[in-house]
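Please look over the sequence and the fold shown below, and then work through the questions and answers that follow.

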Amino acid sequence: MVPFKLILELILSTLLSLGRMFTAYVLSLIIAVVTGVAMAKNKYIESILLPILDILQSIPILGFFPAVLAIFITILGPVTGGEISSIFLIVTSQVWNMIFGVYSSIKSLDPSIDQLISVYKLPLIYRLLYIYIPASRSSLAANSIISWAGGWFFLTSAEVISMGRIEYRLKGLGSFIISAFENRDTVAYTIGLLTLFIIILVSYLIIWNPFTMRYTGVKTLLGFMRIYGVIEKAFARIWSLIIEKLIMAYSVIRGKIIVIQLYFLIPPILLYLYHTKLTLMTNNLYSEITKYGVEFLWALPLTLIRVYSTVIVGLVLSILLAYISHTRFKLGVLIVMLGEILSSIPAMMWWPILLPILRGFPYGVMMFVYLQGSLWYTFFNILLFGVSSLKENILELSKIYGIRGRYYLLRVFIPSLLPSILAGGLSASGGAWNASIAAEYFQVGGFIVDMGGVGSLLYKQTLAGNILGVLLTSFLMSLVIIFINKTIWARVLKKISGYYVIE
Amino acid sequence: MLSSRGDIIEIVGVSKSYVSEGREIKVLEDISFSVGKEFISIIGPSGCGKSTLLRIIAGVEKPDSGRVIFHLSRKPIIGFVFQFPTLLPWMTVLDNVILPLIASGVQKSRAIEKARTTLKIVGLSEFEDFYPSELSGGMKQRVNIARALAVEPDILLMDEPFSNLDPLTAESLRGEVLDIWLSSILPIKSIIMVTHNVEEAVLMSDRVIILSPRPARVLKIVDIMVPRPRTRKMPEVQELVDKVYEYVS
């Protein structure tokens with residue numbers, strides 16, 4: 001018998017975690033719409049924010065987190081501060097691809113719609129509510145699947161936060177499972193994990209999958225359309241109420257609307273300035289910088305090789321799975337559903353499963369964590385959006401002329417998927433960099449494995465509460481990522497897309 | 001010249017250039033003409049700047065020099081028929097038509113009333129709850145026209161409104177637009193239509209303004225004094241078509 005108290009605890013924890021997830025998701029939506037629209041419609045904002053976002057989505061958020069946490073907790077106390085930091089961390093795992101989704105769907109909006117806007121002088125609020133938001137709907141739906149998984153993946157890290165020697169635990173499903181694991185409470189651990197699986201599965205089946213199927217051409221998903229219909233109706237009612245109120249508010253303050261778009265970036269920046277100042281005063285800056293620079297250079301090659309081999313493995317795996325799911329529809333649906341669940345399993349949950357393997361084969365575990373942080377970007381991009389955007393006429397052409405097998409894979413299938421392969425590949429390399437911090441250094445119970453590399457360096461600096469080190473290492477890492485993205489990656493993309501992309 | 005003129009729009013010395021890849025391209029050069037209570041067609045080779053001129057009249061673009069003056073007691077209301085239907089795919093036909101009205105502060109119930117009137121005029125009353133993807137090309141263009149009429153425009157601007165339709169649909173829509181114009185059920189004072197179809201211009205308008213290749217200048221203004229209804233087979237129509245063709249080519 002499972003004790004009643006435990007069940008109550010579990011329900012409460014689940015509700016709290018879900019609350020965090022939805023709050024973070026709504027925040028991410030708002031940030032994505034405001035930032036995406038501002039970037040797509042204002043060249044100045046675009047030129048500033050595009051490179052910044054490029055970096056933000058590639059740097060290891062986990063490494064920056066302690067600093068964010070410190071400020072929130074100092075200012076707001078452990079309860080509110082902890083809650084806000086955890087939501088902040090979940091947002092940082094959801095928001096980037098959503099911003100890029102909104103940005104690109106508004107960028108690719110038919111230019112005649114701009115004419116319509118200027119001829120009939122539609123005010124900003126009308127443009128947002130009637131044009132930009134509905135225009136972003138399908139890309140938001142598509143990206144929500146990835147973001148939702150990203151959110152769960154970081155959930156436990158957001159609920160069990162350690163900073164130096166101090167650890168904060170927020171009540172929630174993630175911390176429930178971790179505590180159960182630590183206390184060797186098998187019953188609690190099992191039902192906790194089971195609840196997590198069920199919640200993830202249900203949220204996909206009744207919300208994200210139907211949402212994506214309705215607004216994109218994707219068919220390879222499982223979902224309960226009828227239940228979703230009820231949810232959507234309720235949401236539509238709330239949305240039309242919001243529109244009504246906003247329009248009413250607008251008619252009161254007509255013409256006095258100020259868009260606040262950069263504010264969300266300010267707190268972390270202030271935070272760092274605040275902290276670095278403290279550290280700088282007590283340290284000899286020059287020798288410190290040299291020290292961290294040398295450490296970074298030693299660690300860099302390892303991480304470089306790991307990151308890009310992860311991306312390549314992820315690409316090959318995704319393309320193969322895409323090919324299987326394209327040739328066998330039912331199997332495809334199953335593969336995607338499995339992917340949705342696997343991608344959502346929080347990072348920390350893997351430890352109990354991986355621990356036995358860890359002792360004998362740490363390298364495999366490291367690559368597994370790397371893949372878990374990176375594979376899903378290529379997986380969803382290629383399997384969901386690539387495969388469903390394959391052109392009918394090209395498939396027909398292949399059928400008529402009997403193009404099959406290897407030739408079909410190399411000459412028709414892969415080239416047709418290139419746009420989503422490229423988009424997924426770029427996000428996946430960001431994801432892999434981000435995963436390096438969790439992959440290269442693990443500490444489970446009293447057992448420590450240090451695989452070296454930049455991620456491990458960052459993790460150790462984080463554990464030591466060395467803010468200057470974290471800041472400098474992340475900065476150098478960002479430089480490397482920008483350099484690679486802007487030179488090698490951008491050039492490869494340009495060359496490939498010039499040859500292969502089918503109009 | 002037609003007797004019912006009395007200028008409503010005056011276009012005075014309008015010039016416009018664009019900078020493309022560091023080079024300046026002159027599009028319009030010293031364009032002047034006036035428009036009365038009439039239907040005017042602007043014709044010229046493709047890429048000569050006809051659409052730019054229309055956008056300048058609509059107030060969407062500013063000319064480098066020159067002015068567009070409206071002789072109306074208030075700010076003119078402009079209706080614009082786009083070359084492509086430009087309907088928002090996530091909105092029903094009715095919502096698409098009321099959008100400009102709502103945005104200009106008309107109450108929703110009043111906007112719906114106006115939209116229904118113009119949807120009836122273009123024969124789409126029964127389709128107000130349809131989404132654009134459920135309509136044929138001709139029906140979409142009708143919604144485009146209904147939206148322009150719903151604002152009860154003083155001036156109706158049309159940018160190659162029939163160029164992307166099949167010939168039969170184009171023909172019947174031309175007839176409908178003319179009927180709306182001639183029946184005076186709406187308070188439209190002037191219509192300016194950009195086209196590259198010489199026959200269409202001669203069959204529909206009171207005057208045809210012929211522009212030269214880039215940079216566009218006014219080459220010639222041809223009065224079409226043929227009484228309506230006009231048909232292609234009328235010798236005077238054919239003569240005028242030939243005359244306009246001579247200038248265009």
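Two residues are in contact when they have heavy atoms within 4.5 Å of each other. The model is a predicted one, and the questions concern chain B.

Q: Of the contacts in chain B with a separation of 6 or more, what share comes from residues 24 or more positions apart?
A: Chain B contains seven helices and nine strands, and its contacts can be sorted by how far apart the partners lie along the sequence. Among the contacts with a separation of 6 or more, the part that joins residues 24 or more positions apart is 71%.

Q: What is the radius of gyration of chain B, and why does it count as being as compact as a globular protein of that length?
A: The C-alpha trace of chain B spans about 45 × 45 × 40 Å along its principal axes, and 52% of its 249 residues are buried. For 249 residues the globule rule gives 18 Å, and the chain comes close to this, so it is as compact as a globular protein of that length, with a radius of gyration of 18 Å.

Q: How many of the residues of α2(B) are buried?
A: A residue is called buried when its relative accessible area is under 20%. In α2(B) this holds for residues including Val93(B), Leu94(B), Ile98(B) and Ala103(B), and the cover over the buried residues includes α5 (124-159) of chain A together with α3 (108-121) and α4 of chain B. The helix is therefore mostly covered under that cut-off, and the count of buried residues is 10 of its 11.

Q: At roughly what angle do the axes of helix α2 and helix α4 of chain B cross?
A: Helix α2 covers residues 93-103 and helix α4 covers residues 137-150, and their axes come within 8 Å. The contact is made by Val93(B), Asn96(B), Val97(B), Pro100(B) and Leu101(B) on the α2(B) side, and by Val143(B), Ala146(B), Arg147(B) and Ala150(B) on the α4(B) side; these residues divide into seven nonpolar, one polar and one charged. The crossing is right-handed, and the angle is roughly 30°.

Q: Is Glu160(B) buried or exposed?
A: Glu160(B) lies in the loop between β6 (155-159) and α5 (167-183) of chain B. Leaving aside neighbours within four places in sequence, Glu160(B) is in contact with Lys50(B), Gln83(B), Val194(B), Thr195(B) and His196(B). Its relative accessible area is 10%, and because the cut-off is under 20%, Glu160(B) counts as buried.

Q: Which residue in the loop between α5 and β7 of chain B has a positive phi of about 50°?
A: A positive phi is also found at Glu152(B), near 50°, in the loop between α4 and β6 of chain B, where the residue is partly exposed at 32% relative accessibility. In the loop between α5 and β7 (190-195), the residue asked for is exposed at 55% relative accessibility. Although not a glycine, it has a positive phi of about 50°, and its name is Ser184(B).

Q: Which proline lies in the loop between β9 and α7 of chain B and follows a cis peptide bond from Arg228(B)?
A: One cis peptide bond runs from Arg214(B) to Pro215(B), with omega near -10°, and Pro215(B) is placed in the loop between β8 (207-211) and β9 (218-223). Another cis bond starts at Arg228(B) and has omega near -5°. The proline at its end, in the loop between β9 and α7 (235-248), is Pro229(B).

Conventions
Residues numbered from 1 in each chain as written. Chains lettered and ligands numbered in written order. Predicted model: local features only at pLDDT ≥ 70, side-chain atom pairs only at ≥ 80, totals over all residues. Heavy atoms only, no water. Axes fitted to C-alpha atoms, helices over the stretch in contact; angles between N-to-C directions. Helix = DSSP H or I, 4+ residues; strand = E, 2+ residues; numbered from the N terminus. Left-handed = near helix turned anticlockwise from the far one by under 90°. Nonpolar A, V, L, I, M, F, W, Y, C, P; charged D, E, K, R; others polar. Rg over C-alpha atoms; globule rule 2.2 N^0.38 Å. Buried < 20%, exposed > 50% of the residue type's maximum accessible area, 1.4 Å probe, protein only.
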